[in-house]
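I sat down with this one to look at how its chains meet. My notes are below.

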Protein chains: 2
Amino acid sequence: MYTIQELRDCIKAELDRQAYMEEPYSLFEPIKYMMEDGGKRLRPVLALMAYNLYGDDLSKVLKSAIGIEIFHNYTLLHDDVMDNAELRRGRLTVQKKWNNNVAILSGDAAAITAYKYIETVEDPYLRQVINYFNTMAMDICKGQQYDMEFETQDDVTEEEYIHMIYLKTAVLIGGSIRHGALIAGAPKHEHDALYDFGCHLGLMFQLQDDYLDVYGDTAEFGKKIGGDILCNKKTYLLIKAQELASGEDKALLHDWMQRKDYDPAEKIRAVTEIYNCAGVPEAVQEKIEYYVEKSRAALDKVEVPEERKVYFREIIDAIGDRKK
Amino acid sequence: MYTIQELRDCIKAELDRQAYMEEPYSLFEPIKYMMEDGGKRLRPVLALMAYNLYGDDLSKVLKSAIGIEIFHNYTLLHDDVMDNAELRRGRLTVQKKWNNNVAILSGDAAAITAYKYIETVEDPYLRQVINYFNTMAMDICKGQQYDMEFETQDDVTEEEYIHMIYLKTAVLIGGSIRHGALIAGAPKHEHDALYDFGCHLGLMFQLQDDYLDVYGDTAEFGKKIGGDILCNKKTYLLIKAQELASGEDKALLHDWMQRKDYDPAEKIRAVTEIYNCAGVPEAVQEKIEYYVEKSRAALDKVEVPEERKVYFREIIDAIGDRKK
């Protein structure tokens, strides 16, 4: 059984080969740039871990796992265009370093590159892999569509929000894990359970992200605190606050969201205070705990020796308890 | 054997079902809008015609042929964003009717929709179909990249230009035809020949397009004449003129391309005159004739009864001789 670090090294080595680079290089340079600083490589690591629950020959999963990572980066590339984002992981976004057209077209090329990596799976799994991949890819598009629509929608419910982050974020985590298990020959009820497990992880991850944006420690979290509050982002926290706050606080929150001129630190302080009074941090942690339990229950359904699941158990704890 | 009109009706009926429409409809409405007025449906018709060289059960090719048409529309959707185009087939482009973000994301959804249609092919062909499709999709991206780069490149050679239109336009025509033949069970040397045949058709089609933009009849061609000249588009005509014109005319052509203030009709008249003196129209027709011969030779390699090929022969003549 491989350690997470060994799996990460294996992914790094394959990514460093840059097997996707072809002429015209100008089309692929932005993809390379995007892939260079990819952080934790969470999705391909999870795919390899899931494969490793059942099998040890990583060569059978490596390329398609890279395909998932490239697909993830393609979605980020186009999201950055749509958000007109300046920075991604502390570096200029592709459309700022080059321009919008480069980001659109290189994004398109990245999506097709992802499909080229995905098609490397073995014959018995190809149809099922492609089918799940297409469904997942479309779910992510739908999630992005809801996310953009929520920007101008004032009555987003908790249920709608969870559905949106499920589509936009969770299915790719679930899909990565299912993918690894599927092509290792796992039976359907087990890769279904692993998919659910991964989706719960993804939801936990996003809810923690929302939480840390307000309650995190800048040094540990690595992002400025309160960014979501300043741009009135419809996060789980804001939606819960709109639901739970007292009438007076609700009006105050609404007022802060309408103001054009304000001191940023003051807005963050005031909105955080409203969140605190409404019991929002407790509500988020409760929701996270709910998905922690759901993810454990899903993992229990996977019938491999318990010692094989140890890293997955650790990941539940790490995400449930993360600070960065 | 089906007539072209029967095949077109069959495609129309499937497109009218709009089986791709799902929630959130806002994501798919622009795809529906784009697909509504699709003109001749050349690519899926060619796929069905190629299938019909070998088989008659169109239900086996229809969905994936629609996938090709959707993919074609996806490329147009994103191209229109990159070109900031106002109109497409006489209607507002998606980014003008909605906005850029809608066009980017609905384009992405269209690409994934295309893949969902493509995956419907039968088991024995799935890997080969996906592999050819991915290669073709990437070729189209590369073609678009070269096309954009040529806009600011003054020394585009004839060879580079042909390579660009081969990637951007021809491989999708070739790929559509190969696809139909492949999933009808055609042997490799025959679907290879049909691919070459289709690529030659595609090159002819694009060269005729360049030609008609200058020498067409507005009423018949349906577009304003001289548009390419006004925007200094690097067409086959311009590249040949730069190669063939006398020193004096070459300087004059260069001068026209630099001018900012001019009477459009005068520029079109002057540049057309330079083309005429340099023998450009003859050079284009010669090149088209060259691909007419190549396409005939490729079609000759396809070992089906000659009466089955009759529509393909007619298409060669129609494109070689088209006025619109």
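**Notes on the A/B interface**

Chain A and chain B bury about 3,700 Å² between them, and 61% of that is on carbon and sulfur atoms. I'm keeping in mind that this is a predicted model.

Next I counted who touches whom. I found 38 residues of chain A in contact with 38 residues of chain B.

Then I went after the polar side of things. I get 24 residue pairs in polar contact between chain A and chain B, taking pairs with both residues at pLDDT 80 or more. For salt bridges between chain A and chain B, the count is four. I looked up one of them: Lys142(A) pairs with Glu22(B), with 2.3 Å between the closest N and O atoms.

Which helices of chain A supply at least two residues each of the side that touches chain B? I noted helix 2 (25–36), helix 4 (62–83), helix 6 (100–118) and helix 7 (123–150). Helix 7 gives the largest share of that side of chain A, with 15 residues. Sorting the chain A side by class, I have 20 nonpolar, ten charged and eight polar residues.

Last, I checked how the copies are related. A turn of 180 degrees with a shift of 0.0 Å along the axis lays chain A on chain B, at an RMSD of 0.0 Å. That is what a two-fold axis does. I also compared the two sides: 100% of the interface residues of chain A are interface residues in chain B too, so the copies meet through the same surface.

How values were computed:
Residues are numbered from 1 along each chain as its sequence is written. Chains are lettered from A and ligands numbered from 1 in the order in which they are written. This is a predicted model: local features need pLDDT of at least 70, side-chain atom pairs count only at pLDDT 80 or more; totals for chains, interfaces and linings use all residues. Side-chain values use heavy atoms; hydrogens and water are left out. Contact means heavy atoms within 4.5 Å. Buried area is the accessible area (1.4 Å probe) that two parts lose on being put together, summed over both. A salt bridge is a side-chain nitrogen of Lys or Arg within 4 Å of a carboxyl oxygen of Asp or Glu. A polar contact is a pair of N or O atoms within 3.5 Å; within protein, one must be able to donate a hydrogen and the other to accept it, and residues adjacent in sequence count only if both atoms are side-chain atoms. Helices (H or I, at least four residues) and strands (E, at least two) are DSSP runs, numbered from the N terminus. Ala, Val, Leu, Ile, Met, Phe, Trp, Tyr, Cys and Pro count as nonpolar, Asp, Glu, Lys and Arg as charged, and the others, Gly among them, as polar. Copies are superposed by least squares on the C-alpha atoms of residues with pLDDT of at least 70 in both.
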